[in-house]
Amino acid sequence: MKAPRIMTMFNWFGIAAGIMMLALPFMGPWWTGTVGTGALSVGLSPFDLQASLGSTPLQSPLVGFFLLATKITFLIGGTFLILSSIFPKSWWSRSLMGFGVMKPFSSAVFFLLPLIIGALAANILLPSILPSLWGGAGGFQINSLILPIVFIVVFIVSIYALYTLVSRLISKISRETEKSQLKGNIVYTVIFVSMIVAAVVTYNNIPPPSSTQVSLSLPYVSGTATSTIQIGNTATITAPVTLALTGVFWIAVVAAALGVVTRIYHGRFIRPTMPHLAEEKHAKREKK
Amino acid sequence: MKKETGLKIGLMLLGVALSIGPFIAAFAVNDWDLQKAFLPDQEDIASIQNNLTGLFGGSENSGSTTTLENVSVSDSTVTVQIQFTSPFGFAMKFKNMSVALTDQGAQIAQVAMQSPVDVPARGTKRITLTGTFSGGMLPVNPQFESGSMTVEVYGVTITLQLSSGGLPT
């Protein structure tokens with residue numbers, strides 16, 4: 001049974017993804033972090049950062065402008081996505097869609113990355129650095145930071161390689177290019193696998209912190225834990241830390257998935273407009 | 001093809017503008033000052049510093065006032081009442097306090113809080129410490145010596161070890 005014409009006239013995935021892209025900047029934080037019951041509170045999304053220390057808000061003008069630019073990008077991208085989905089066969093459709101269709105996907109992936117990196121840095125680096133700031137036992141030893149920093153760098157490279165590989169695969173599936181991407185895909189796969197192996201080896205060789213004065217166990221992205229900092233023989237600070245992804249993040253994940261599907265699905269609209277694909281299609285029909 | 005190329009160039013320039021624009025805007029509205037553009041407002045930083053000064057003790061100008069109001073002994077139980085004035089702009093809770101009480105160089109009691117005490121922001125509260133009196137005579141010049149106290153601020157627990165000299169005044 002053939003689908004009704006209206007179902008095939010538009011890219012409905014793109015319309016849904018575009019509407020979500022227009023709504024996401026106004027839906028609140030994707031992630032919240034709290035130390036204690038408000039000693040430090042953070043609400044974070046790619047569009048807004050709300051941080052406060054006690055009752056005093058903390059705002060950086062530069063960060064604020066960057067987040068505003070992200071918000072504007074999403075609004076423009078969402079608008080373009082809706083337009084290109086309503087008029088998928090227009091000459092401008094493919095270009096406009098390319099501007100914003102993958103932004104929810106990249107936002108979701110690279111939003112999680114600094115959260116993971118931050119927790120890694122806090123759990124691995126801070127116990128070595130903090131005691132030296134108040135002249136604690138052990139002092140500051142640069143050697144103790146080399147392996148943790150190498151691990152973090154290798155981890156970032158592996159995630160970037162994975163993201164690039166996935167983007168190339170999506171591009172291939174959506175038939176946006178007919179060139180063979182096998183060599184490039186193999187390269188990125190090798191990079192990703194080797195970086196993951198290097199990250200695991202590096203992490204297993206990171207020595208335990210020389211100081212017992214700082215015990216940080218921040219959860220990775222989401223969870224609850226208690227951290228302890230001892231300042232000489234004077235004070236001990238114990239703080240519960242609660243991190244959580246909000247429902248808005250999962251809406252963004254849905255938008256990201258819709259963006260990927262949109263890009264793949266849009267290929268069925270643009271394929272007839274690509275001359276070499278049209279010839280290929282004609283040749284296949286002739287064979288039959 | 002020219003239209004499509006022009007559109008692609010335009011979209012690329014839009015992306016570049018949205019990437020570089022925040023830098024330019026942030027510096028332009030902050031007199032091209034890196035510190036002002038990147039860091040929070042100086043008033044907010046000063047407010048935080050003001051609230052936290054003296055929290056960990058050791059500051060002569062912390063502004064906190066701990067006044068020994070009364071020391072009484074009854075049936076080998078010594079009761080000490082102190083008045084604490086908070087200099088901090090946030091509420092705090094004294095969860096536990098244990099201090100050695102001395103008189104003329106000799107320890108006469110180890111006194112402790114029996115229940116937590118909530119102190120409002122920049123407020124004053126009386127804290128009662130009790131313990132077993134081990135001195136022979138009624139105290140003449142009671143003083144606080146070493147001890148410890150546990151304070152909770154915004155859910156963060158801070159345990160302070162009090163050196164000789166007792167409570168911060």
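How much area does chain B expose, and what share of it do carbon and sulfur atoms supply? In this predicted model, local features need pLDDT of at least 70 and side-chain atom pairs count only at pLDDT 80 or more, while totals for chains, interfaces and linings use all residues. Residues are numbered from 1 along each chain as written, chains are lettered from A in the order written, and side-chain values use heavy atoms, without hydrogens or water.

Chain B exposes about 9500 Å², of which carbon and sulfur atoms supply 54% (Shrake-Rupley method, 1.4 Å probe; for residues, only the protein chains shown count as cover). For chain A the exposed area is about 14700 Å², with 69% from carbon and sulfur. Buried residues (under 20% relative accessible area, 1.4 Å probe, protein chains only) make up 42% of the 288 residues of chain A and 35% of the 169 residues of chain B.

Chain A contains nine helices and seven strands, and chain B three helices and eight strands (DSSP runs of H or I, at least four residues, and of E, at least two, numbered from the N terminus). In chain B the three helices precede the strands along the sequence.

The largest nonpolar core (buried Ala, Val, Leu, Ile, Met, Phe, Trp, Tyr and Cys joined through side-chain atoms within 4.5 Å) has 32 residues, and B:I127 and B:F94 are among those with the most contacts inside it. Elements giving two or more residues to this core include β7 (235-245) of chain A and β2 (77-85) of chain B; β3(B) gives the largest share, five residues. Beyond four places in sequence, the contacts of B:I127 (heavy atoms within 4.5 Å) include B:V80, B:F94 and B:M113. A second, separate core of 27 residues includes A:M102 and A:F111.

Technical notes. Buried < 20%, exposed > 50% of the residue type's maximum accessible area, 1.4 Å probe, protein only.
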